[in-house]
Amino acid sequence: MSDEVLRLEGIGKTFNQGTALEARVLQDINLRLGRGELTALIGPSGSGKSTLLNLIGLLDVPTAGELYLQGRPTRSSDDATRTRMRNESLGFVFQFHHLISAFSVLENVLMPLIIRSGRPSAEAVELARSLLQEVGLERLADKRPTEISGGQQQRVAIARALVTRPPLLLADEPTGNLDSRTAASVFDLFRRINEQFGCSILVVTHDPRLAASCPRTIELVDGRIVSDGASIPMPP
Amino acid sequence: MSIRPLLSSAWTEWLIALRFLLDNRMQTLLILFGITVGSAVIVFITAIITGLQSNVVDRTLGTQAHIRVLPLDEFNRLAPLPAGTLSLLRESPRAQRLRSISNWQDVVTLLDQHPRLTAVSPVVSGPALALSGVARASVALIGMDPLRYERIIPISEDLLAGRFRVGAGHAVIGSELARDLGLNTGDKLRLDGGEGREAVVDVAGIFELGVRELDARYVYLDLKQAQTLLALPGGVTVIDTRVDEIFAADELARRIERLTGLRGESWMETNGQLLNALRSQSMTTQMIRLFVGISVAFGIASVLAVSVVQRTREIGILRAMGSPRGQILRVFLLQGGLLGLLGSGIGGAVGWLLVQVFNIFGPGLFQVTVEPGLIPAAMLIACLAGVLAAAVPARRAAHYDPAVAIRYV
């Protein structure tokens, strides 16, 4: 049980419930993610991938089922608790990197720790620098996000997601906005982090080649899981 | 909840608020400029109007007592009617003869002990004729004790010639009267109180209060001599007083009435017009301040509203990374407060400079001083107004749904 990071039991999500605009986006999702798993979540547009990721990221609340994060049920938690759990247990990487332009690269990496406990300690700064080194950007630590390239911004976002050492890292189309070479190197980074830090990673992606390089792939179609298993390697 | 998490959260909020302000440099500068202009106007106009009003009040009160204590008017006493009868009356009001306040020494002793009266001066005053050669003028005789009276109206400061000396057959007269009668210091003046009461006095000094009516009519005498001329031996007709807070004069007059059973007449009653003008002016100033304040507050609110929209995604990501709603709220409230504080600080300094410029290059009718509390008070109010103005945008930011905000383009 201790190896389980995330468990979804009968998760459903319906928007505008009880109105004419009712839309059932997810139905009966059952899913377990173990510690250190690197998983791709694929599916066509509108299949509910982003909604599922929002639910797992505690940014939204399911209308059915229960979601356990590190064994703790979350559905009936209040906003403050969910906010704290996001800070402590989750790391986010988004398609549009979302660095905060008013802060330097290093400060952006430190931001989850700053939010949690104010002025960062020397060890925190050290950790952030080592993470920047890990993603190959230590010399850009004092630059502004607007002064670096898109691929570099995404690497900073990954370092930021890792700074709290979260057991689960969520990435929503992290390479969707990058050219294919940069995308491949960012994805390599995910794999390396997965091995090195042992954190579970759930990646939503459109790119079948990237999905193929993940040990596990979950396919979502029309709000249901249609396949969950080892990836089939792409033919070269 | 212990203090540590609060402090660390406050540190984070300050950091983010300051960075957001610095990051939007142009916006911040523009709104700071607006707040600066607004608060400079408020500080300047407040200082000018306060200066002007205190100048006018000083000039008015420089020539009169704050409260005059007078005997009650005489009235007709009606005999009680037998029960069940109706009477139709035609009453002619009594003529108010000149008469003394009874037991005025006791009243003066009583008023001397009153903590809010800074000066008390018994005065006997009444009409007389002044004659010099063939010229004659009707005057008001004022008999008083110079030591006490000078604390009500400092005549010595307004002397054109001679000294303020009234004992032993001396009198001090106004400049207009001196000109009408062709008198100089040392000249003789005959005073006629009517019914054969006459005296010849030496002109010891000539004053000019700057109020024509007073300069043409006042003749200052020693108490005893005036009492003799006015046929009120040992009596005084009015007790002049000064109070510690001039706008409390009305209320104090009522208290003195209850205390003494006499009539208290405050300067505020006798200068109704002036007071009315001052009040309208104060109200106009208040309105100007209020509306300038409101437009500044709306400026802050709109700049922050734009900033909240511009930063929607960043707010979403902060929320996703675990920033609580309260933290986002306070980040924007702080920005409002900081803008208000900083803008009004600069504005206060500019307002102060404008006042100095006015003093040096203005019409020079009066000196304006900026009260020491004015600028800090303006800054405090602006800071609070800034926080208040930020409330709506800050609430909006705090209630963004992070899942939606992150995808905001």
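This text walks through a predicted model, from the domains of chain B to the sheet of chain A and the contact between the two chains.

Start with chain B. The domain assignment splits this chain into domain 1, made of 3-59 + 275-406, and domain 2, covering 104-261. Domain 1 is thus written as two stretches of sequence, and domain 2 as one. The centres of domain 1 and domain 2 of chain B, taken over C-alpha atoms, are separated by 54 Å.

A database record adds another division. In an unreviewed entry, UniProt lists residues 28-258 of chain B as "domain: MacB-like periplasmic core". In the model, the end C-alpha atoms of that span lie 60 Å apart. Helix accounts for 33% of the span and strand for 28%.

Now look at strand S8 of chain B, residues 218-222. This strand is mostly covered, with four of its five residues buried. Burial here takes 20 or more other C-beta atoms within 10 Å of the residue's own. Which strands pair with S8(B)? One is strand S3 of chain B, residues 135-144, which pairs with S8(B) in the parallel sense over five bridges. Within S8(B), B:Tyr218 is the residue opposite B:Ala140. Another is strand S5 of chain B, residues 170-174, whose pairing with S8(B) is antiparallel and runs over two bridges. There, B:Val172 has B:Tyr220 of S8(B) as its bridge partner. Strands of a sheet pair through backbone hydrogen bonds, in either sense.

Move to chain A. Four strands form an open sheet in the order S2-S1-S4-S5, with antiparallel pairing. Strand S2 (23-34) and strand S5 (72-73) of chain A stand at the edges. Each has a single partner strand, so one side of each is left without a neighbour in the sheet. At the S5 edge, strand S4 of chain A, residues 64-69, pairs with S5(A) in the antiparallel sense over two bridges. A:Leu69 stands opposite A:Arg72 of S5(A).

Finally, turn to where the chains meet. Here 23 residues of chain B are in contact with 25 residues of chain A. On the chain B side, the elements giving two or more residues are helix H1 (3-23), helix H11 (312-320) and helix H14 (402-406). Which of these gives the most? H1(B) does, with 10 residues. By type, this side of chain B divides into 13 nonpolar, five polar and five charged residues.

Note on methods. Residues numbered from 1 in each chain as written. Chains lettered and ligands numbered in written order. Predicted model: local features only at pLDDT ≥ 70, side-chain atom pairs only at ≥ 80, totals over all residues. Contact = placed C-beta atoms within 7 Å. Nonpolar A, V, L, I, M, F, W, Y, C, P; charged D, E, K, R; others polar. Pairing = 2+ DSSP bridges. UniProt positions renumbered as here; feature names shortened; annotations may be inferred. Buried ≥ 20, exposed ≤ 12 C-beta atoms within 10 Å, placed from the backbone. Domains from an automatic or database assignment.
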